[in-house]
Amino acid sequence: MRFRQFAILLSAFFAATPQLRAGDDFGLWTEVSVEKSLCKHLSADFGYDFRTEQNLDAISRNGVSLGLSYKPFKTVKFGGKKNAFSVKFGTGYAFLRDRNPQEFKGIKIKENYNKEGERNGWNVDSIIDHGYWRNKHRAWFDVSAKLTLGRFSLSVRERYQFTLYKSTQCLRDRYRQRYRDENDLSFPGYGPWYPLTEERLAEEMAKLHEFQGAYYEEYTGYDDPKGFERQTDNKAEKRRHYLRSRFALDYNIPHCPVDPFVTVEFSNNLSEGMLLEKTRYTVGLDWKINKQHTLSLAYLYDDGQDDDSNGNLHVLEVGYKFKF
């Protein structure tokens, strides 16, 4: 009976998830965690997560985490057994190994002059970074409060998060094409450019980010013998401070082990004056198989524009927790 209820809710869950649009990415995030009660008010947890993105074609992250949770007082009940209030503090550390996908970094336009000092065109360099792995150290501290009214529960969590991005290296390809004023030039996929002006050139070349380098695998007609160069680019160490605010609402279905929930989370960059860089929306189900085992399934939409994401990411989240 329990499995049947879960299957029905699961079907409704997938029916409610939106369809992907052109240019959107899809990923699968999985997490396995173990929670151990150390004493009456203190517990510890250990987790491992594994993520794929780029429409499931590439591993994007894996990492391990260790955390502590502390409840300063027992859950306070009021106005009946179904109404309650609780507060919890948490802290933790995670070692993460992230993969940054191939990225179009932009273009550089330089005027080209002949021996007489007359401009005879432009050199256009298009820069593309290969995908690369990077280690990250993350620490956090948070406080959360939960209010239960009948079968509804509303929770709020405020988390300070610090992340250290370790320095690393990646391969960088630089593609150069020479354009001259007097030529009726054409560019594959765009048609003729004439008359050629610096403004028009910059406008058209900016569109190349959509190709993510695939364009150059097809076109090799470079007039300049220095049309291609592969370099090593150093990625410097960097630090990021965020305030992550999450609001959640869940509902306890009578005589059913499956609880649906919705959450919204805002990530604000503290180094940029609380600049909102990422918002995540989640709708999911928690299946409490018994007191020790819980299985979670959720859909997440991420519109982030920070160091970890580039917006329009749709994710299927699968999680398992063991408590003892």
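Trainee: Let's start with the charges: how many salt bridges does the structure hold?

Mentor: Keep in mind that this is a predicted model. The pairs to look for are a side-chain nitrogen of Lys or Arg within 4 Å of a carboxyl oxygen of Asp or Glu. In this structure, the number of salt bridges is 17.

Trainee: Take Lys 235. Which residue does Lys 235 form a salt bridge with?

Mentor: Lys 235 sits in strand 13, residues 228-235, and the other half of the pair is in strand 7, residues 119-129. Those two positions are 106 residues apart, so to speak of distant parts of the chain being linked is fair. The closest N and O atoms are 2.6 Å apart, and the partner of Lys 235 is Asp 129.

Trainee: And is that pair buried or exposed?

Mentor: The cut-off for buried is under 20% relative accessible area, and for exposed it's over 50%. Lys 235 falls in the lower class, and so does Asp 129. Both residues count as buried.

Trainee: Next one: which residue meets Asp 142 in a salt bridge?

Mentor: Asp 142 is in strand 8, residues 132-149, and its partner is in strand 9, residues 152-165, so the pair ties together parts that are 17 residues apart in sequence. The N to O distance is 2.8 Å, and the partner is Arg 159.

Trainee: What is the relative accessible area of Arg 159 in that pair?

Mentor: Buried means under 20%. Asp 142 counts as buried because its relative accessibility is 8%. Arg 159 is buried too, because its relative accessible area is 15%.

Trainee: Which strand holds Arg 172, the salt-bridge partner of Asp 233?

Mentor: The side chains of Asp 233 and Arg 172 meet at 3.5 Å, N to O, and both residues are buried. The two are 61 residues apart, with Asp 233 in strand 13. Arg 172 belongs to residues 168-179, that is, strand 10.

Trainee: Which residues are linked with Asp 129 in a network of salt bridges?

Mentor: Start from two pairs we've already met: Lys 235 with Asp 129, and Asp 233 with Arg 172. Those pairs belong to one network. Besides Asp 129, the network takes in Arg 172, Asp 233 and Lys 235.

Trainee: Moving to the surface, which residues gather in a patch of positive charge?

Mentor: Patch members need over 30% relative accessible area and no salt bridge. Lys 88, in strand 5 (residues 84-100), is partly exposed, with a relative accessible area of 34%. The patch is made of Lys 71, Lys 88, Lys 146, Arg 246 and Lys 323.

Trainee: There's a nonpolar patch too. How much accessible area do its residues have together?

Mentor: Among its members are Phe 73, Phe 85, Leu 147, Phe 152 and Val 283. Phe 85 lies in strand 5 and is partly exposed, with a relative accessible area of 32%. Strand 8 and strand 9 each supply at least two residues of the patch. The patch residues together have about 870 Å².

Trainee: Any backbone oddities? Which loop holds Leu 56?

Mentor: Most residues other than glycine have a negative phi. Leu 56 has a positive one, near 70 degrees, and it counts as partly exposed at 43% relative accessibility. Its place is the loop between strand 2 (42-53) and strand 3 (58-70).

Trainee: What is phi of Met 274 near?

Mentor: Met 274 is in the loop between strand 15 (258-269) and strand 16 (275-288). At 41% relative accessibility, Met 274 counts as partly exposed. Its phi is positive, near 60 degrees.

Trainee: How far apart are the C-alpha atoms of Tyr 165 and Glu 237?

Mentor: Tyr 165 is in strand 9, and it's buried, with a relative accessible area of 5%. Glu 237 is 72 residues away along the chain. Even so, the C-alpha separation is 5.5 Å.

Trainee: And for the whole protein, what share of the contacts with a separation of 6 or more comes from residues 24 or more positions apart?

Mentor: The protein has 3 helices and 18 strands, and buried residues make up 37% of its 324 residues. About 18900 Å² is exposed, with carbon and sulfur atoms supplying 55% of that area. As for those contacts, the share from residues 24 or more positions apart is 62%.

Technical notes: Residues numbered from 1 in each chain as written. Predicted model: local features only at pLDDT ≥ 70, side-chain atom pairs only at ≥ 80, totals over all residues. Heavy atoms only, no water. Helix = DSSP H or I, 4+ residues; strand = E, 2+ residues; numbered from the N terminus. Buried < 20%, exposed > 50% of the residue type's maximum accessible area, 1.4 Å probe, protein only. Patch = residues over 30% accessible without salt bridge, like charges linked within 9 Å, V, L, I, M, F, W, Y side chains within 5 Å. Areas by Shrake-Rupley, 256 points an atom, 1.4 Å probe, with all protein chains shown as cover. Lys, Arg positive; Asp, Glu negative; His and termini not counted. Charge placed at Lys NZ, Arg CZ, Asp CG, Glu CD. Contact = heavy atoms within 4.5 Å.
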